[in-house]
Amino acid sequence: MPTLQHNDIFAGRYLLDECLASRHLAEVWKVKDLLAEGTLALKVFVPANKLDASTLAQLKADCTKVSQLSHPHLLQYRHFDVHEGIPYLLMPYLPHGSLSRRVQENGPLEEQEVAQLLKQVASALHYLHTRQPLLLHHAIRPENILITPKNTYVLTDHGLNYRTRSSLHKAADQAGVTDAAYAPPELFSAHPTRNEAGDIFSLGVTLYEVCTGELPWMGKGGISLLQGAAIPYLPGTYARVLSNILRACLDANPEKRPGALELVEEAAYFLEHGTWKPFGRFGIVKAETVVYKKRSVLKPALIATAVLVLLVAAIFFLPLEQFIPAKTKPALAEAESKAVTAVQERKLEKAGVIAEAASARPLENEQGKTEQPEPAPPKKELKRNATVQEKAPVSTPKSAAPSYPRPSTLEGYLTGMTNNEIPLTVRDRWKPGIRSYFADEATIHYSVDGTRIGQFTLDDFLEVLISTANSGSVLLDIAAEDEAGKVAELYVSVTSAEAVAPADSIE
């Protein structure tokens with residue numbers, strides 16, 4: 001309930017037209033300046049109670065410093081003064097109101113609007129955080145982000161240090177200085193810490209609120225993280241990278257939260273390219289591309305043909321038998337026969353066909369007497385035998401069937417499923433292996449070349465993946481797992497073959 005009343009004249013010149021915001025610390029009114037005939041916003045601090053001289057001096061010093069700040073996304077204060085012990089601040093009037101009102105009236109922001117909000121508010125925070133001495137905002141929330149006539153965002157309620165805010169809360173009989181819903185976990189520790197990371201946490205809570213219309217952890221803020229609560233994800237209607245950015249802002253460890261400038265760069269990339277940066281700290285991890293190629297049947301055929309030509313040429317131009325005397329041919333034929341038998345037996349022994357006992361079996365001569373096998377003929381005679389054998393028909397070796405190794409990872413499976421060089425029968429055989437990675441009722445969010453395709457069940461997703469095979473690369477990010485460690489929610493992004501560098505082939 002506002003302390004001031006409609007149509008009152010404050011400080012002898014400001015006609016109170018409409019109450020824009022009413023809190024214990026301050027009331028904000030739309031006013032008409034009766035002397036300058038303009039419309040302004042008037043912020044009156046703790047109108048129900050008068051401040052002591054020390055608190056007034058602190059507030060004046062802070063507002064004087066703030067009036068010297070200049071940034072396109074910080075609201076510029078016009079004038080600070082005190083009327084009958086009540087301090088007030090004049091500001092530009094912005095008819096579009098606050099971000100909080102926009103979300104209440106229109107619902108969650110579109111992703112383009114979220115990127116614009118993130119870039120502009122983070123740039124204002126970066127400006128504050130790089131001042132000397134350091135300036136912290138302490139109160140990042142949708143109510144303190146206003147919308148200009150040009151549809152840009154500006155921060156307000158900035159520049160008041162913690163000591164001044166504490167004094168104002170005491171004057172207003174309020175125990176708390178920070179709204180717990182936006183407060184980082186380090187403020188609830190045994191040794192509260194206030195630094196730039198606290199503003200980033202409050203910005204993360206704000207982002208979640210404008211994307212979902214709700215506060216994370218049911219409005220309990222960072223104290224929920226100290227009690228073991230999990231960091232929430234954004235709904236699947238938003239890009240996975242944006243969810244990663246938000247969750248990094250809400251990290252329980254202040255050192256792991258991004259800086260304001262890093263957030264500016266991420267949002268600027270989206271506004272320039274229409275998609276979030278796929279690489280870097282918040283990007284989706286890229287799975288290694290696996291490209292299968294069929295074995296070439298041409299190379300073995302050419303080798304076999306060349307060998308056959310050489311053998312035929314050797315037989316035609318170098319008939320060895322014409323150099324052998326006629327009287328030695330019977331002995332040579334017998335030696336060649338024995339050599340062939342020995343070679344064949346050695347081959348069978350290597351294959352495990354002939355037992356050790358059989359290899360030592362004695363031979364019988366024509367008189368039925370047992371005699372030991374003759375020693376293997378010298379290498380020179382073996383070559384002659386080889387020449388005789390070359391006259392036998394030579395068969396052309398058959399080409400080996402294409403080999404498609406079964407992948408050993410989920411990334412390998414899904415990458416192979418997009419490869420149109422792998423037969424459908426092979427990919428169908430992989431489906432049980434893929435299902436073993438997923439929980440029942442798993443959800444898959446699927447996009448191609450940065451364009452969101454939709455949300456699918458596992459079986460539907462596999463059919464879509466096969467039907468759009470393009471030998472591209474697959475990016476995976478597991479959003480949630482069940483108690484057994486199986487994937488319950490997965491984000492899959494496929495980049496077409498034209499957009500990726502060729503990878504090493506697997507024969």
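**Reading backbone, burial and cavities in a predicted model**

Biologist: Asn151 is placed in the loop between β7 and β8 (153–155). What is phi of Asn151 near?

Modeller: I should say at the outset that this is a predicted model. As a general idea, most residues other than glycine have a negative phi, and most peptide bonds are trans. In Asn151, phi is near 65°, which is a positive value in a residue other than glycine.

Biologist: Does Asn151 count as buried, exposed or partly exposed, and why?

Modeller: The reading rests on relative accessible area: under 20% is buried, over 50% is exposed, and partly exposed lies in between. Asn151 counts as partly exposed because its relative accessibility is 35%.

Biologist: Which strand holds Glu441, and what is its phi near?

Modeller: Glu441 belongs to strand β12. Its phi is near 60°, again a positive value in a residue other than glycine. Glu441 has 75% relative accessibility, and therefore counts as exposed.

Biologist: Turning to the peptide bond, is the one from Gln132 to Pro133 cis or trans?

Modeller: The omega angle decides this. From Gln132 to Pro133 omega is near 5°, and the bond is cis. Pro133 sits in the loop between α3 (111–129) and β7 (145–147).

Biologist: Asn144 lies in the loop between α3 and β7 as well. Is Asn144 buried or exposed, and why?

Modeller: Asn144 counts as buried, because its relative accessibility is 6%. A list of contacts then shows what surrounds such a residue. With neighbours within four places in sequence left aside, Asn144 is in contact with His137, Ala139, Val154, Leu155, Thr156 and Asp157.

Biologist: How should burial be read for a whole helix, such as α13 (residues 410–417), and how many of its residues are buried?

Modeller: One counts the buried residues along the helix. In α13, 7 of the 8 residues are buried, so the helix is largely enclosed by the rest of the structure. The buried residues of α13 are Leu410, Gly412, Tyr413, Leu414, Thr415, Gly416 and Met417.

Biologist: Which residues of α14 are buried, and what should its 12 residues span?

Modeller: In α14 the buried residues are Val426, Arg427, Trp430, Lys431, Gly433 and Ile434. For the span, the expected value is 1.5 Å times one less than the number of residues. Helix α14 (residues 424–435) should therefore span 16 Å, and its end C-alpha atoms are 17 Å apart, which agrees.

Biologist: How many cavities of 30 Å³ or more does a search of the whole structure find?

Modeller: The term cavity is kept for space where a 1.4 Å probe fits but cannot get out. Here the search finds 2 cavities of 30 Å³ or more. The largest cavity holds about 140 Å³ of space. It is lined by 13 residues, and those closest to its centre are His138, Pro184, Leu187, Gly198 and Asp199.

Biologist: Which helix gives the largest share of that lining, and how do the residues divide?

Modeller: Helix α5 (residues 196–212) supplies the largest share of the lining of the largest cavity, with 3 residues. By class, this lining has 4 nonpolar, 6 polar and 3 charged residues.

Biologist: What volume has the second largest cavity, and by which residues is it lined?

Modeller: The second largest cavity has a volume of about 30 Å³. Its lining residues are Lys43, Phe45, Cys63, Tyr77, Leu89, Asp157, His158 and Leu160. They divide into 5 nonpolar, 1 polar and 2 charged residues.

Biologist: Pockets are a separate matter. What volume has the second largest pocket?

Modeller: A pocket, in contrast to a cavity, is an open set of points. The second largest pocket has a volume of about 740 Å³. Of its 32 lining residues, Thr275, Ile284, Ser447, Gly450 and Ser493 are the closest to its centre. Two or more lining residues come from each of α7 (240–249), α8 (260–273), β12 (438–448), β13 (451–456), β14 (473–481) and β15 (487–495). The largest share, 4 residues, comes from β15. The lining has 15 nonpolar, 12 polar and 5 charged residues.

Biologist: Finally, how many helices and strands has the protein chain, and what percentage of its residues count as buried?

Modeller: The protein chain has 15 helices and 16 strands, and 42% of its 507 residues count as buried. The chain exposes about 27900 Å², of which carbon and sulfur atoms supply 54%. Among contacts with a separation of 6 or more, 61% join residues 24 or more positions apart.

Key. Residues numbered from 1 in each chain as written. Predicted model: local features only at pLDDT ≥ 70, side-chain atom pairs only at ≥ 80, totals over all residues. Heavy atoms only, no water. Buried < 20%, exposed > 50% of the residue type's maximum accessible area, 1.4 Å probe, protein only. 1 Å grid on protein atoms, 1.4 Å probe; cavity = no way out; pocket = protein on both sides within 12 Å on 5 of 7 lines; lining within 4 Å. Points joined across faces, edges and corners; volume = space filled by probe spheres on them. Nonpolar A, V, L, I, M, F, W, Y, C, P; charged D, E, K, R; others polar. Contact = heavy atoms within 4.5 Å. Areas by Shrake-Rupley, 256 points an atom, 1.4 Å probe, with all protein chains shown as cover.
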